[in-house]
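Hi,

Here is the structure I promised to pass on. Have a look at it first, and then read on for what turned up when I went through it.

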Amino acid sequence: MDLLLPDVLEEKQDYICLGYNKYSRIFVITVYPEQTWISWLDDLFYIGNINISVKVEPANNGNTINQLTKKLVQSQSEYATYSRQGNILHLPELEKQIGDLEDLRMLIQTNQDKLFFATIFITLNAEGLQELNDKTEILESELNKKTAMIRVLNFRQLEGFKTVLPLGDIPIPNYERNMVAGGIATVIPISNPNLSHDTGIFIGRNIYTNAPIYIDTFCGPPTLPNPHTFICGTSGSGKSVALKTLTARNIATNRMWCIFY
C-alpha cells in the first residue's frame, strides 16, 4: 500500500523519494548471461528490500520465424564472407550462432517451443541515500559475477516506478530480451531470502542484510526432516570452532547434542 499510495513522490535523476526515509532506485537489465539457470536471480534477494519485476509478452510465431530466417541468412552471409577473406577470427562464433538459430527456428516451426519477449526491472529500496548507494554497488557486483549488466533509468525513475507496479502497464520499450519458454522459467524467483528460524541459536549475520540468523535444528518437519548437521571444509577453516560453538549454545538451551567423527 505504501507503494501505491506513497506519502511523497519526488523524482530525482537516479532515484525517487517516497516519503521520510523511503528511497527507491529502479534499474533494468540490459545484458543477460549467455546461459541462464533456474533461480539465477534468487541471490539478489539476499541484498534485502529488493523487488524484481519480470514483464513477459509472447511473440507472434509467424513474425518470429521470419525474423529468425532473416538473422540466419545474415549470419550465413557473414560466415561466407569471412571464409573467402581467410579471416578465421570470427568463424567459431558465427558457427555457433548459425547452429543456435537453426535449432531455435526448427523448435518454433514444429511447435516444440515458443518465443517470448522479457524485460526485467529491479527496484532497490533503502532508508537513506548512502544505504541505497551501498546496495547499488552490491547489486552491480552480484550481476557482474553472472556476466549480466544493469542500467539505472536516469531521468525515467517515475516511468520505471509505474512500470514495476502490478498495474499491467506496458514496459519501457527497447529493453526487451527474446527468450524461449525455458529461459522464461529461469527468471521466475523461487527462493525465500529469510534463512533464519523463529527459534534456535545465533550463528551469525547475513552478509548482505546484516540481519541475525538463528538456526533451530530441532524445529522438526516440515521445516527440517531431522536435527542432523554436517560441517565440512578445508583445514583451518574453523570446523572445530563451529562445532564447539554450536554444541555450547545448544547445551545452554537444554538440548541434547551428539558429535560423530
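The side chains of asparagine 125 and serine 24 are in polar contact, at 2.6 Å. This is a predicted model, by the way, so please read every distance here as computed from the prediction. Asparagine 125 belongs to strand E5, and with a relative accessibility of 10% it counts as buried, because the cut-off for that is under 20%.

Strand E5 (115-126) comes up again in the largest nonpolar core, so that is a good place to go next. The core has 28 residues, and the ones with the most contacts inside it are Ile29, Leu41, Leu44, Ile122 and Leu139. At least two residues each are supplied by strand E3 (23-31), E4, E5, helix H3 (129-145) and strand E6 (149-152). E5 gives the largest share, six residues. As background, nonpolar side chains in soluble globular proteins tend to be buried together.

Isoleucine 47 sits in the loop between E3 and E4. Is isoleucine 47 buried or exposed? It is buried, at a relative accessible area of 1%. Its C-alpha lies 9.0 Å from that of leucine 124, although 77 residues separate isoleucine 47 and leucine 124 in sequence.

Now for the helices. How do H1 and H2 cross? The axes of H1 (residues 61-85) and H2 (residues 91-109) come within 9 Å, with a crossing angle of roughly 155 degrees. Angles over 145 degrees count as roughly antiparallel, so that is the label for H1 relative to H2. The crossing is left-handed. As for what lines the contact of H1 with H2, its residues split into eleven nonpolar, eight polar and five charged.

Just ahead of H1, asparagine 60 is worth a click: this residue is in the loop between strand E4 (50-58) and H1. A polar atom of the asparagine 60 side chain lies 2.9 Å from the backbone nitrogen of glycine 62. Asparagine 60 is partly exposed, with 48% relative accessible area. There is a long-range pairing here as well: the C-alpha atoms of asparagine 60 and lysine 114 are 9.0 Å apart, with their positions 54 residues apart along the chain.

If you like checking backbone torsions, here are two residues to look up. Asparagine 111 has a positive phi of about 60 degrees even though it is not a glycine. Its place is in the loop between H2 and E5, and at 61% relative accessibility asparagine 111 counts as exposed. Threonine 147 also has a positive phi, near 55 degrees, and is likewise a residue other than glycine. You will find threonine 147 in the loop between H3 and E6, where it counts as exposed at 54% relative accessibility.

One last item, further along the chain. Alanine 242 is in helix H6 (residues 239-252) and is partly exposed, with a relative accessible area of 29%. Which residue is 8.8 Å from alanine 242, C-alpha to C-alpha? That is isoleucine 203, which is 39 residues away from alanine 242 in sequence.

Shout if you would like to go through any of this together.

Cheers

Definitions and conventions
Residues numbered from 1 in each chain as written. Predicted model: local features only at pLDDT ≥ 70, side-chain atom pairs only at ≥ 80, totals over all residues. Heavy atoms only, no water. Axes fitted to C-alpha atoms, helices over the stretch in contact; angles between N-to-C directions. Helix = DSSP H or I, 4+ residues; strand = E, 2+ residues; numbered from the N terminus. Parallel < 35°, antiparallel > 145°, perpendicular 65-115°, else oblique. Left-handed = near helix turned anticlockwise from the far one by under 90°. Nonpolar A, V, L, I, M, F, W, Y, C, P; charged D, E, K, R; others polar. Buried < 20%, exposed > 50% of the residue type's maximum accessible area, 1.4 Å probe, protein only. Polar contact = N/O pair within 3.5 Å; in protein donor to acceptor, adjacent residues only side chain to side chain. Core = buried A, V, L, I, M, F, W, Y, C linked by side-chain atoms within 4.5 Å.
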